[in-house]
Amino acid sequence: MSKKLPVIVIVGRPNVGKSTLFNRLIKKRVAVVEDEPGITRDRLYAETEWRGKRITVVDTGGILFHDDDPLVEQIRIQAQIAIEEADVVLFLTDATAGSHPDDQLLADRFRGFKKPLLVVVNKADNPQRDGFASEFYELGLGEIFPISSLHGRGVADLLDHIVELIPAASEQEEKPDETRLAIIGRPNVGKSSLLNAFSGETRAIVSSIPGTTRDTVDTVLKLDNETIRLIDTAGLRRKGKIQGSIEYYMADRAKRAIERCDCALIIVAGDEGLTDGDKRVAKMAHDDGKAVVIVVNKWDLVEPPDGQPRNKSIPKKVMRQTLQDQLPEVGYAQVCFTSAKESAGLEAVLRTVFKAMENYNFRLSTGQLNRLFAEAFHKKPLTRKGKTLKMYYCTQVKTAPPTFVFFVNDPELVHFSYMRYLENVFRKQYALEGTSLRMVVRSSHERK
């Protein structure tokens with residue numbers, strides 16, 4: 001898996017110097033700079049490096065909230081898309097013009113913003129203008145950074161602060177590419193036995209007593225030049241059944257393992273069938289947005305290698321159907337059958353994981369997305385309370401899992417069933433087995 005660079009997005013009202021700052025940060029004259037508002041319309045991307053860390057910088061058009069011109073609307077949408085992608089947002093203002101009503105409107109949009117946001121006061125060409133910059137504290141968004149994009153004053157300090165906000169992303173890039181695979185499930189379904197079978201050696205204590213594994217255990221292996229980090233986890237239980245501090249930390253570490261994995265192997269005991277505990281584990285992996293593969297372990301107890309099925313044995317197709325019916329949240333997951341004891345079905349599991357990870361990192365062009373969903377909206381229009389839902393634009397803002405943002409006239413018109421319809425339309429065209437999809441609805445413009 002390739003690691004994306006941290007994304008720094010420059011936003012602000014027209015004519016505050018966004019493109020000048022963009023050119024200064026990337027050390028090239030890429031963006032057109034003119035003393036006229038509205039020059040930048042689309043998003044511009046370029047890479048730069050500061051103190052050994054590479055960064056993607058995005059320039060956006062000036063955002064207005066009081067103009068119904070269709071072009072202004074598209075500029076606003078492009079800026080919103082960039083903000084969705086951002087790791088850090090630079091909110092650029094103008095020291096010479098002072099705090100403008102449009103600055104306040106944009107500041108109101110950023111209330112409760114979850115990502116790092118820096119208020120950057122441009123055109124502070126000398127210390128006297130630093131005093132003008134203090135006026136922007138009234139926006140209520142925290143510390144301000146006076147700079148001069150034109151002359152470079154204060155830009156190095158700003159970059160120093162930016163790279164302090166993104167150390168984790170930069171560190172990730174230095175690690176070797178690997179698929180982090182968490183083996184999760186309720187207690188005593190054979191998670192540690194599977195870990196040992198995958199690695200070909202005893203790396204985890206195996207016992208028939210539920211709860212033997214108290215910590216996570218990492219094992220690195222390779223298949224077809226692909227590196228896999230297997231994370232064994234303690235069995236997950238309902239909170240009410242956690243007894244004492246040892247089991248509390250056991251469950252906590254298991255949850256952390258899910259958070260740091262790319263793909264979750266949900267282990268189900270084939271001889272017991274699906275339980276409520278399996279459903280809770282599957283929901284946890286789905287809610288965390290992980291790729292998912294379901295592994296039915298201990299299948300030798302149902303269909304032994306000698307080919308003589310046990311009494312009341314369950315065919316694989318029946319088990320698959322049962323899992324799909326009772327685990328609808330992860331209905332996209334492939335099902336594999338293994339026997340850790342017999343080391344059977346292991347390579348098929350890993351190949352299924354690779355396919356799930358390929359889909360997890362799937363990306364589709366904006367043009368293809370808009371054609372697909374425009375047709376979906378046309379075929380099944382949504383009207384509520386006399387108002388028809390309109391989609392202006394759709395874009396994929398991230399992978400892992402694939403995440404799509406729809407810009408519409410009124411998000412309140414959209415309900416769960418319609419989002420499920422859109423997901424089904426997408427999966428009919430692109431199955432993407434093994435990964436969830438995230439679909440987010442945004443207003444094309446939110447006026448205050």
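This is a short tutorial dialogue on reading features of a predicted model.

User: Let's start wide. How many helices and strands does the protein have, and how much of it is buried?

Analyst: Keep in mind that we're looking at a predicted model. The secondary structure comes to 13 helices and 17 strands. Of the 448 residues, 51% are buried. The accessible surface is about 21,800 Å², and carbon and sulfur atoms hold 48% of that.

User: And what share of the contacts comes from residues 24 or more positions apart?

Analyst: Among contacts with a separation of 6 or more, those residues account for 70%.

User: Okay, aromatic rings next. What do I look at in a pair?

Analyst: Two things: a pair of aromatic rings is described by the distance of the centres and the angle of the planes. There are twelve aromatic pairs in this structure. Take Phe 377 and Phe 406: their centres are 6.4 Å apart and their planes sit at 40°, a tilted pair. Phe 377 belongs to helix H12 (residues 366-379) and Phe 406 to strand S16 (residues 403-408), so this pair links distant parts of the chain, 29 residues apart. Both Phe 377 and Phe 406 are buried.

User: How are the rings of Tyr 418 and Tyr 421 arranged?

Analyst: Their centres are 5.3 Å apart and the planes meet at 50°, so this pair is tilted. Tyr 418 and Tyr 421 sit three residues apart in helix H13 (residues 416-429), about one turn of the helix. Both tyrosines are buried.

User: Which residues form the aromatic cluster?

Analyst: Phe 377, Phe 406, Tyr 418 and Tyr 421 are among them, along with Phe 362, Phe 373, Phe 404, Phe 426 and Tyr 430. There's a charge to look at as well: the charged end of Lys 380 sits over the ring of Tyr 421, 4.7 Å from the ring centre.

User: Now a single polar residue. Is Asn 297 buried or exposed?

Analyst: Check the relative accessibility. Asn 297 comes out at 2%, and buried means under 20%, so this residue counts as buried. Asn 297 lies in strand S11 (residues 291-297). Its side chain makes a polar contact with the side chain of Thr 338, at 3.1 Å. Beyond residues up to four places away in sequence, Asn 297 touches several others, including Val 189, Leu 194, Ile 267 and Ala 340.

User: What does the side chain of Asn 122 reach?

Analyst: The backbone nitrogen of Ser 149, at 2.9 Å. Asn 122 is in strand S5 (residues 117-122), and with a relative accessible area of 3% this asparagine is buried. Leaving out neighbours within four places in sequence, the contacts of Asn 122 include Val 16, Leu 92, Asp 94 and Ile 147.

User: How about a loop residue, say Glu 303?

Analyst: Glu 303 is in the loop between S11 and helix H10 (316-326). At 32% relative accessibility, Glu 303 counts as partly exposed. Glu 303 and Pro 315 are twelve residues apart in sequence, with 8.3 Å between their C-alphas. Not counting residues up to four places away, Glu 303 touches Ile 314, Pro 315 and Lys 316.

User: Last one: how far does helix H11 reach?

Analyst: Compare its reach with the span expected at 1.5 Å a residue. H11 (residues 346-360) has 15 residues and reaches 21 Å from first C-alpha to last, close to the expected 21 Å. Its buried residues include Leu 346, Val 353, Phe 354 and Tyr 360.

Notes: Residues are numbered from 1 along each chain as its sequence is written. This is a predicted model: local features need pLDDT of at least 70, side-chain atom pairs count only at pLDDT 80 or more; totals for chains, interfaces and linings use all residues. Side-chain values use heavy atoms; hydrogens and water are left out. Helices (H or I, at least four residues) and strands (E, at least two) are DSSP runs, numbered from the N terminus. The expected span of a helix is 1.5 Å times one less than its number of residues. Buried means under 20% relative accessible area, exposed over 50%, partly exposed in between (1.4 Å probe, protein chains only). Rings of Phe, Tyr and Trp (its six-membered ring) pair if their centres lie within 6.5 Å; planes under 30 degrees apart count as stacked, over 60 as edge-to-face and the rest as tilted. A charge sits over a ring if NZ of Lys or CZ of Arg is within 6 Å of the ring centre and within 35 degrees of the ring normal. A polar contact is a pair of N or O atoms within 3.5 Å; within protein, one must be able to donate a hydrogen and the other to accept it, and residues adjacent in sequence count only if both atoms are side-chain atoms. Contact means heavy atoms within 4.5 Å. Accessible areas come from the Shrake-Rupley method with a 1.4 Å probe; for residues, only the protein chains shown count as cover.
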